[in-house]
Amino acid sequence: MNIYAEFHVRIAAILDRFAKQGRLPRDLDLARFVVEPPRDASLGDLASNAAMVFAKEAKATYANPRQLAADLAIQLTEEPEVDRAEVAGPGFINIRLKPRVFTDILREILVEGVDFGRGAAGRVAAAKINVEFVSANPTGPMHIGHGRGAVFGDALAGLVEFAGSQVTREYYINDAGAQVDVLASSAYLRYLEALGDKVTIPEGLYPGDYLKPVGAALAEKYGDRLRGKPEAEWLAPVRDLAIDAMMAMIREDLAALNITHEVFFSERSLHVRHNGVSDVEAAIDELRAKKLVYEGRLPPPKGQLPEDWEDREQTLFKSTDFGDDIDRPLKKSDGAFTYFASDIAYHRKKIEAGYDVLVDVWGADHGGYVKRMNAAVLALSGGATTLDVKLCQMVKLMRDGEPVKMSKRSGDFVTLREVVDEVGVDAVRFMMLTRKNDAPLEFDLARVIEQSRDNPVFYVQYAHARAHSALRQGRAAFADLDLSATRLAAADLALLSDESEQSLLKYLAQYPRVIESAAAAHEPHRLAFYLHDLASFFHSHWNRGKDQPQLRFVNQDSRDLTCARLALVTGLIHVLASGLSVLGVKAPEEMR
RNA sequence: GCACCCGUAGCUCAGCUGGAUAGAGCGCUGCCCUCCGAAGGCAGAGGCCAGGGGUUCGAAUCCCUUCGGGUGCGCCA
């Protein structure tokens with residue numbers, strides 16, 4: 001149970017009653033007030049600002065928010081779970097719940113296990129969400145920056161899925177532009193090299209060693225049949241094979257991070273004509289039918305004029321109608337469609353697939369592209385589908401505080417694979433989520449494998465392992481002890497009377513709310529921070545047991561007390577394991 | 001020149017979509033622990049939330065503006 005959501009409903013019902021009694025206007029927007037944990041836990045378990053939010057509308061009956069709050073508090077006291085409700089400050093209502101509310105939630109956790117919190121977004125969850133992420137060009141191995149987008153996207157997908165949405169993870173393969181021709185040219189040189197020719201990779205082509213196996217594969221498949229032929233003859237076959245090889249490599253890189261996409265969508269497929277018309281053409285036609293496409297001139301950018309600027313008439317999408325700064329070209333000077341035109345067609349396909357929400361995860365260098373994409377989705381869907389573009393900032397790779405040098409082998413960057421191989425998938429995944437997506441991230445290769453509290457990955461996993469250690473001790477102390485969830489759920493949980501046990505218990509109860517708000521905001525880092533805080537509550541409670549043995553989880557003299565405490569420990573295990581699993585991080589039972 | 005993102009403790013960052021006395025880790029200071037309830041613990045100092053204006057019961061959060069950083073700026077993707 002999400003007690004915050006639950007009491008939002010209760011308070012809304014009371015307000016509704018007041019409205020029917022004529023004490024409040026009838027058309028209150030009940031979504032406006034919130035129920036949340038109070039600033040200070042000593043104030044109570046729940047706090048609501050309802051009285052202040054509706055103070056204006058209530059003016060006729062209540063002179064000030066405190067009066068309305070007082071009336072609400074009286075009603076709330078009637079609720080069976082409420083111990084007391086009081087007015088504080090300018091009109092907050094602080095609610096203290098009966099202890100059994102929280103022990104009931106612990107029982108719920110024990111019964112539901114790692115499914116506690118699932119579906120927490122409830123009715124506010126979008127039914128169908130598409131998360132498009134990574135979408136690295138198929139021209140080389142993934143680098144650490146791609147890794148951030150990959151982890152972010154995958155964790156976000158896992159999060160909204162857990163919160164109750166139906167999720168599709170999708171990868172958009174940019175296999176249609178000039179960059180794949182450059183890839184083909186690069187691979188062709190490696191092909192000649194594999195045949196024994198001496199080659200140098202000129203400026204502008206991809207120099208990385210990773211294309212050598214592609215050259216070898218081409219040599220194996222075609223022998224010397226492509227040697228000396230005009231580009232027009234070898235370009236397509238070389239390109240196709242090279243793209244396949246690059247995508248295979250990228251899939252492996254993703255697999256190393258435990259990431260799989262359900263859909264790989266080819267940009268090139270959008271240009272293939274079915275019944276004489278391609279998806280791109282169809283999309284542009286649709287916009288044209290909505291009178292959003294015209295032939296016109298664009299003013300040159302202010303400031304320094306690009307050298308090759310040529311004032312010409314072009315095909316433009318009227319994105320300014322939807323909040324963009326300037327209308328955007330759909331065709332290049334050679335008549336081919338721009339990347340934006342393909343992207344419009346791509347998003348149109350996603351809209352047609354019936355998604356309620358589209359999430360695109362991009363690198364921050366694409367920030368200038370957001371407005372036009374939002375404009376396109378708005379124009380095509382009429383607002384029925386919303387697009388949320390999440391920009392991931394750069395990753396600065398460090399080692400002991402010093403920037404890491406680039407690797408020659410891969411071209412000019414540190415590959416994601418190198419990092420994963422060095423520090424492990426869990427460290428990479430969790431660290432990538434310890435920062436907001438739009439804040440730059442420093443990733444220290446030495447730090448993330450430290451076994452200390454400076455290392456958040458270790459800190460959280462260790463809490464889980466420590467909890468299991470407590471269970472093992474319990475088993476050792478009481479050989480016949482049944483630690484199954486059903487047995488523990490039947491324990492006398494009222495024995496959890498210590499202050500830090502209560503804190504831990506109440507923090508566990510917040511899990512569904514964290515899932516809900518993190519999913520709604522599309523911000524998986526909130527879950528990572530919650531897990532870290534939860535671990536922190538547990539570690540500090542554990543540490544108190546050092547000086548005060550009577551607080552330890554296992555108490556030789558009392559089977560009941562031990563059961564109650566191990567019930568709490570098991571609840572913690574479930575929530576930690578659940579949260580880590582949502583983020584795609586392992587929850588080990590012991591640290592080695 | 002314009003757009004977008006960012007500016008919070010000495011450092012690295014949270015701050016739950018407008019709430020109460022702005023939080024955590026590192027670092028610093030002071031005590032305690034030192035061997036498996038191991039991979040440290042407790043406490044303390046430290047802030048004009050970049051500056052200025054506005055909106056309202058109430059602003060780190062929303063709007064305007066200045067300053068300072070980052071990213072991008074027809075026909076690349």
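## Contacts of Phe-443

In this predicted model, Phe-443 touches a set of residues that lie beyond its close neighbours in sequence. With neighbours within four places left aside, the contacts of Phe-443 are Val-395, Lys-396, Leu-397, Met-398, Val-419, Val-423, Ala-427, Val-428, Met-431, Met-432 and Val-448.

## Nonpolar cores

Phe-443 also belongs to the largest nonpolar core, which has 157 residues. Phe-443 and Leu-527 are the residues with the most contacts inside this core. Helix 19, spanning residues 559-583, contributes 13 residues to the core, the most of any contributor.

A second core, separate from the largest one, has 31 residues. Among them are Val-293, Phe-317, Ala-341 and Trp-362.

## Packing of helix 4 and helix 19

Helix 19 packs with helix 4, which covers residues 99-112. The angle between the two helices is about 60°, and their axes are 9 Å apart. Angles from 65 to 115 degrees would count as roughly perpendicular and those under 35 as roughly parallel; helix 4 and helix 19 are therefore oblique to each other. The crossing of helix 4 and helix 19 is left-handed.

On the helix 4 side, the residues that meet helix 19 are Leu-106, Ile-109 and Leu-110. Their partners in helix 19 are Ala-567, Leu-568, Thr-570, Gly-571, His-574 and Val-575.

## A three-stranded sheet

Strands 10, 11 and 12 form an open sheet in the order 10-11-12, with antiparallel pairing. Strand 10 (293-296) and strand 12 (328-329) are at the edges. Each of these two has a single partner strand, so one side of each lacks a neighbour in the sheet.

Strand 11 consists of residues 314-317 and is joined to strand 10 by four bridges, the two strands running antiparallel. Across this pair, Gly-296 is opposite Gln-314 of strand 11. Helix 9, made up of residues 279-289, lies across strand 10 and strand 11. The direction of helix 9 is at about 85° to strand 10.

## Thr-168 in strand 6

Thr-168 is located in strand 6, which runs over residues 166-173. The relative accessible area of Thr-168 is 14%. Buried means under 20% relative accessible area, so Thr-168 is buried.

Apart from neighbours within four places in sequence, Thr-168 is in contact with Ile-129, Asn-130 and Val-131, with Glu-262 and Val-263, and with Tyr-355.

Definitions and conventions
Residues numbered from 1 in each chain as written. Chains lettered and ligands numbered in written order. Predicted model: local features only at pLDDT ≥ 70, side-chain atom pairs only at ≥ 80, totals over all residues. Heavy atoms only, no water. Core = buried A, V, L, I, M, F, W, Y, C linked by side-chain atoms within 4.5 Å. Buried < 20%, exposed > 50% of the residue type's maximum accessible area, 1.4 Å probe, protein only. Contact = heavy atoms within 4.5 Å. Pairing = 2+ DSSP bridges. Axes fitted to C-alpha atoms, helices over the stretch in contact; angles between N-to-C directions. Parallel < 35°, antiparallel > 145°, perpendicular 65-115°, else oblique. Left-handed = near helix turned anticlockwise from the far one by under 90°.
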